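The exercises below are to be worked with the sequence and the model side by side. Each opens with a task and is followed by a solution in steps.

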Amino acid sequence: MAYLNERVSYLKGMTDGLNMDNTTPESKLIKAMLDVMQEMADEIEVMTGAFDDIAEDLADLMDYCYNEDFEYDDCIEVECDSCGETVEITDEMIDENGKVSCPNCGKPINIENLCDFDYDDYDDEE
Ligand SMILES: [Zn+2]
């Protein structure tokens, strides 16, 4: 997006070449418009940078959630839908169908939505 700034600078250069003396209403208007355009270009550059950062974080997050190589940590704590008990799930407890039975009540536990990891533990690689 740096090109927006370059184009505004180019336009400013053009007005300098016109030797506008800043006394006519038109030259005042043009200079004021260019100042606004400069501010917009700066603003857009900042927002684009922020957007890129967010897109990068989102990509990391998607990797984390959907990566097939992703393995659950040694254990995760899940609240059983059936008995309400908070139980620890380990890799070994997940069967070939990706299902887990509650160690407390034996009912199946839905582990499909176990993507809600703690954001505070999410390391920002910067
Ligand atoms: Zn249970």
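**Exercise 1: the surroundings of Cys105**

With 15 C-beta neighbours inside 10 Å, Cys105 counts as partly exposed, because a residue is buried if 20 or more other C-beta atoms, placed from the backbone, lie within 10 Å of its own, exposed if 12 or fewer, and partly exposed in between. The model is a predicted one, in which local features need pLDDT of at least 70 and side-chain atom pairs count only at pLDDT 80 or more, while totals for chains, interfaces and linings use all residues. Residues are numbered from 1 along each chain as its sequence is written.

Task: determine where Cys105 lies and which residues Cys105 touches, not counting residues up to four places away in sequence.

Solution. Step one is to place Cys105 in the loop between strand E3 (100–101) and strand E4 (108–109), where strands (E, at least two residues) and helices (H or I, at least four) are DSSP runs numbered from the N terminus. Step two is to list its contacts (C-beta atoms, placed from the backbone, within 7 Å), which, with residues up to four places away set aside, are Cys80, Ser82 and Cys83. Step three adds a distance: the C-alpha atoms of Cys105 and Glu85, 20 residues apart in sequence, are 8.7 Å apart.

**Exercise 2: Cys83 and its hairpin**

Task: describe the loop that holds Cys83 and state how strands E1 and E2 pair.

Solution. Cys83 lies in the loop between E1 and E2, and with 14 other C-beta atoms within 10 Å Cys83 is partly exposed. Strand E1 (residues 76–79) pairs with strand E2 (residues 86–89) in the antiparallel sense over four bridges, where pairing requires that DSSP finds at least two bridges. Glu77 has Glu88 in E2 as its bridge partner; between the strands of this hairpin there are six residues, and Gly84 takes a positive phi near 75°. Leaving aside neighbours within four places in sequence, Cys83 is in contact with Cys102, Asn104 and Cys105.

**Exercise 3: helix H2**

Task: compare the expected span of H2 with the distance between its end C-alpha atoms, and say how many of its residues are buried.

Solution. The expected span is 1.5 Å times one less than the number of residues, so the 42 residues of H2 (residues 25–66) should span 62 Å, which agrees with the 60 Å between the end C-alpha atoms. The number of buried residues in H2 is zero, so the helix lies largely in the open.

Definitions and conventions
Contact = placed C-beta atoms within 7 Å.
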